[in-house]
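Open the model in your viewer and have the selection tool ready. Each stop below says what to select and what to look for there.

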Amino acid sequence: GFSWKLKDHPKLPKGKTIAMVVLDGWGEAKPNQYNCIHVAETPTMDSLKNGAPERWRLVRAHGKAVGLPTEDDMGNSEVGHNALGAGRIYAQGAKLVDIALETGKIYDGEGFKYIKESFANGTLHFIGLLSDGGVHSRLDQLLLLLKGASDHGARRIRVHILTDGRDVLDGSSVGFVETLENDLAKLREKGVDAQIASGGGRMYVTMDRYENDWDVVKRGWDAQVLGEAPHKFKNAVEAVKKLREIPNTSDQYLPPFVIVDDNGKAVGPIVDGDAVVTFNFRADRMVMLAKALEYEDFDKFDRVRFPKIRYAGMLQYDGELKLPSHYLVSPPEIERTSGEYLVHNGIRTFACSETVKFGHVTFFWNGNRSGYFNPEMEEYVEIPSDSGITFNVQPKMKALEIAEKARDAILSRKFDQVRVNLPNSDMVGHTGDIEATVVACKAADEAVKMILDAIEQVGGIYVVTADHGNAEDMVKRNKKGEPLLDKNGNIQILTSHTLEPVPIAIGGPGLAPGVRFRKDVPDGGLANVAATVMNLHGFEAPSDYEPTLIEVVDN
Ligand code: 3PG
Ligand code: CO
């Protein structure tokens, strides 16, 4: 039968303290002025790269290597941390929704049948991120669902949009809204009363994560459910164009708006008897709204009105909480993650990041599972993030504090694995502020140094890697790799992640002398890291894990 017990590694010892450092959004790209990692002073990461060549390499962090539909899909933190922690490649949300739509199975599922009960008398609302970024949602999936829902009897549809500019270029929101409007017009021609009802920028409206700032969700609630917002427009394309003219705003940060009719009345508040679908497949930035929509008891903000609705998520966002209880597509079943194995094999684990990435090194790392496997063996520390600011204002974020916590955990010798996520290069990279991103990269590098110094002191081992690229390329490029200019001759800033591979470095005084990266897994990706780390803890990885990146040669 099944056993959690891992076999001893034939050559590698147990009992070494391992620092597992994930630099968020730290890819490897050609050195140039838009490569903030190259521009920044990063002596620690440079020394790893320029050190022993058999202990530094690149791994794949995008596309199929992390379970995304195509090789054109950039990496992201969800799939990256899933792969790092689970050691296997799972078809991820984006792909599972594609299949469910292609086969039509989505319409036979429990979730769709449930919301369908509202079609006769209620409105069907969709809420989610409107872009083709493919990180949290995809516009083409929404368009298919809109058509599918109307084919299956929805007569009145309202869409509540969240503009992106973070996984896609800033300014692209206008085009996405036009595309959506086009499809809604087609539905209206078929007699379906379909229109956009509200909107706002994803970082200011609805899509907070890890409970950093409930005001963000509240602003969305007021617009989507109550039909109240500071800005009112008759038309969503006009809304987005006008709101973008506000100084210092961008797609990510558009203020909330509602669409009103000729009498100034909101066209689509959510009321008793309606159905709601949140069409993001990714959990972290939808689960807070899911709580507000589903929980009878809720004290995070005053909902004013709690409509009796039928609510389904595109996916179930939290398997432990079973939230939402209805969903259109079943999430990937990520089981037997490396974290769970290691805890069963006596590895005492410490994990830490600041709020905005805390769930990445815990929830995502552990296969979308919240909480501890065994509280006696694990400690997860969350350092509160600054809220209400864009991180280009504080590009150092909490890197130092995270590193100090990791250092203390390492020096305490109470843990066998000390795992952190350093958010800087990603969170500041997403703002598109190149200068601030350079500062961010330097701060992350300093944090790595502090952790490596602690590992040196205890005779431990370090594994330093990243979950996907971001800060290494801040400009949109054409197929030839040349920077693209906008109408005014300025470069087009790339706020999103990239398709680049990420580095992985191993070392430290505890690393057995013969350990080196194998040459026979040239296509290795993030999913190969889990087996590698298990080996470094002195264990063989389970046979169904992606192969280890290391071998031990006798010298
Ligand atoms: C976000 O949610 O901030 C971005 O869409 C993706 O960033 P992450 O995958 O690094 O969290
Ligand atoms: Co990111």
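The tour goes from the domains to the ligand, then to strands, a helix and two loop residues.

**Before you start**

Keep in mind that this is a predicted model.

**Stop 1: the two domains**

Select residues 19-91, 346-384 and 451-552 together and give them one colour; these make up domain 1. Give a second colour to residues 94-329, which form domain 2. Taken over C-alpha atoms, the centres of domain 1 and domain 2 are 32 Å apart.

Now look at where the two colours meet. On the domain 1 side, 20 residues are in contact with 22 residues of domain 2. Which helix gives the most to the side of domain 1 that touches domain 2? Select residues 355-364: this is helix H12, and four of its residues belong to that side. Colour this side of domain 1 by class, and you should find six nonpolar, ten polar and four charged residues.

**Stop 2: the ligand**

Select ligand 1 and then the residues that surround it. Among them are Asp-24, Gly-25, Asn-76, Ser-77 and Glu-78. Val-135, His-136, Arg-166, Asp-167 and Arg-285 are also part of the shell around ligand 1, as are Asp-426 and His-430. Sorted by class, this shell holds one nonpolar, five polar and six charged residues.

Where does ligand 1 lie with respect to domain 1 and domain 2? Both domains give residues to the shell, so ligand 1 lies between them.

**Stop 3: strand E4 and its partners**

Select residues 156-163, which form strand E4. Seven of the eight residues in E4 are buried, so call this strand mostly covered.

Add strand E3, residues 124-130, to the selection. E3 and E4 are parallel and are paired over seven bridges. To see one of these pairs, show Ile-127 and its bridge partner in E4, His-160. Between E3 and E4 the chain passes through helix H6, residues 139-151, and this β-α-β crossover is right-handed.

Next add strand E5, residues 193-201. E5 pairs with E4 over eight bridges, again in the parallel sense. Here the pair to show is Ile-161 and Gly-199, with Gly-199 in E5. The chain goes from E4 to E5 by way of helix H7, residues 173-189, in another right-handed β-α-β crossover.

**Stop 4: helix H8**

Keep E3, E4 and E5 on screen and select residues 214-224, helix H8. Nine of the eleven residues in H8 are buried, and the helix is mostly covered. The buried ones include Val-216, Val-217, Trp-221 and Ala-223, but also Lys-218, Arg-219 and Asp-222. Which elements do the buried residues of H8 pack against? They pack against E3, E4 and E5, and also against strand E7 (257-259) and helix H10 (287-294).

**Stop 5: strand E11**

Move to residues 349-354, strand E11. Six of its six residues are buried, so E11 is largely enclosed by the rest of the structure.

In a regular strand, side chains alternate between the two faces of the sheet. Show Thr-349, Ala-351 and Ser-353 on one side of E11, then Phe-350, Cys-352 and Glu-354 on the other; both faces are covered.

Select residues 378-383 for strand E12, which is parallel to E11 and pairs with it over six bridges. Ser-353 stands opposite Glu-382 in E12. H12, the helix from the first stop, carries the chain from E11 to E12, and this β-α-β crossover is right-handed.

Strand E13, residues 417-422, also runs parallel to E11 and is joined to it by four bridges. Show Cys-352 with Val-420, its opposite residue in E13.

**Stop 6: two loop residues**

Select Ile-106, in the loop between helix H4 (93-103) and helix H5 (110-116). Is Ile-106 buried or exposed? It has 22 other C-beta atoms within 10 Å, so it is buried. Beyond its neighbours up to four places away in sequence, Ile-106 touches Ala-100, Leu-101, Phe-112, Leu-328 and Val-329.

Finish at Ala-512, in the loop between strand E15 (502-507) and strand E16 (515-517). Ala-512 counts as partly exposed because it has 17 C-beta neighbours inside 10 Å. Apart from neighbours within four places in sequence, Ala-512 is in contact with Leu-12, Pro-13 and Val-552. Between the C-alpha atoms of Ala-512 and Val-553 the distance is 9.7 Å, and the two are 41 residues apart in sequence.

Methods: Residues are numbered from 1 along each chain as its sequence is written. Chains are lettered from A and ligands numbered from 1 in the order in which they are written. This is a predicted model: local features need pLDDT of at least 70, side-chain atom pairs count only at pLDDT 80 or more; totals for chains, interfaces and linings use all residues. Domain bounds come from an automatic or database domain assignment. Two residues are in contact if their C-beta atoms, placed from the backbone, lie within 7 Å. Ala, Val, Leu, Ile, Met, Phe, Trp, Tyr, Cys and Pro count as nonpolar, Asp, Glu, Lys and Arg as charged, and the others, Gly among them, as polar. A residue is near a molecule or strand if its C-beta atom, placed from the backbone, lies within 6 Å of it. A residue is buried if 20 or more other C-beta atoms lie within 10 Å of its own, exposed if 12 or fewer, and partly exposed in between; C-beta atoms are placed from the backbone. Two strands pair if DSSP finds at least two bridges between them. A crossover is right-handed if, with the strands pointing away from the viewer, the path from the first strand over the helix to the second runs clockwise.
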